[in-house]
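Please describe how helices from the two chains pack in this structure, and what its main pockets look like.

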Amino acid sequence: MKYQVQENYLTIFLPGELDHHNAEEIRKESDHLIEHNHIRYVIFDFADTKFCDSSGIGVIMGRYRKIYMLGGEVCAVHTSERIRKILTMSGVTKIMQIYEEEK
Amino acid sequence: MENTNEMQIIFDSYSSNESFARVAVAAFMTSLNPTVEEVADVKTAVSEAVTNAVIHGYECRVEKIFLRCTTCEDTLEIEVEDHGKGIEDVTKAMEPLFTTRPELDRSGMGFSFMTAFMDQVEVSSEPGKGTIVKMKKTIGKGRKIWTTQSL
């Protein structure tokens, strides 16, 4: 999994398939990064993601809880139509802003 | 009955097999000529059912998951069966955001996604015996007849 830390921002470059199998790894690695780098903002980058299920929603909700306690925010970028549908249906769009590409 | 097709797969409850299961069902349903959207819906629903069996049914032990698929005319029927611990209160388990494993970052949206993406979802479960999730979806329901524009 690829991550980028810039000041107190953590970008998580999500994999092609965000399911339970991959979610476990992201959960452990990102929590470690959040705790050790004074992270306040988490950006979920869906550029490569073609599949996402409720395990992916779980990853977002878990990170949100952690970051919210620290007074920060989470957001999503590069979402496809399918991913936006999943995010909207699950209701996480109420706690997370989706930023669209400027064209 | 005419135009029926059937397949069964038995696989170990490794989390890596979740992607195998949904891709196998996606490949099987191509004969129904589904849209990209319909394939994505079915893949998500299968993924949820299999993930439930791995995490909740077998509690991450490695045992067998049974996946059965049937197509009849334009309807796809999927059954995911595990012989794990079963569900005590199915109605409660199917409530959105209800989860027994919040410590694992489970969102509690699994059954909600299954019901949202499939036409029909039935769950039969007995504590200590296991769970069977039956899902049905009619493919090509919303498809409009393709007509050319008149000149």
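At what angle do helix α3 of chain A and helix α2 of chain B pack, and how far apart are their axes? The model is a predicted one, in which local features need pLDDT of at least 70 and side-chain atom pairs count only at pLDDT 80 or more, while totals for chains, interfaces and linings use all residues. Residues are numbered from 1 along each chain as its sequence is written, chains are lettered from A in the order in which they are written, and side-chain values use heavy atoms, without hydrogens and water.

Helix α3 (residues 81-90) of chain A and helix α2 (residues 36-57) of chain B pack at about 45°, with their axes 12 Å apart. The two are therefore oblique to each other, a term for angles that are not under 35 degrees, over 145 or from 65 to 115. Their contact (heavy atoms within 4.5 Å) is made by A:R82, A:K85 and A:I86 on α3(A), and by B:E37, B:A40, B:D41 and B:T44 on α2(B).

Two pockets, open sets of points on a 1 Å grid where a 1.4 Å probe fits, with protein on both sides within 12 Å along at least five of seven lines, and lined by residues with an atom within 4 Å of a point, are set side by side here.

| Pocket | Volume | Lining |
|---|---|---|
| Largest | about 520 Å³ | 10 nonpolar, 13 polar, 8 charged residues |
| Second largest | about 270 Å³ | 6 nonpolar, 1 polar, 7 charged residues |

α2(B) gives the most to the lining of the largest pocket, with 7 residues. Among the residues nearest the centre of the second largest pocket are A:R82, B:E37 and B:A40, which also take part in the helix contact.

Methods: Axes are lines fitted to C-alpha atoms, for helices over the stretch in contact, and angles run from 0 to 180 degrees between N-to-C directions. Helices (H or I, at least four residues) and strands (E, at least two) are DSSP runs, numbered from the N terminus. Grid points are joined across faces, edges and corners, and a volume is the space filled by probe spheres set on the points. Ala, Val, Leu, Ile, Met, Phe, Trp, Tyr, Cys and Pro count as nonpolar, Asp, Glu, Lys and Arg as charged, and the others, Gly among them, as polar.
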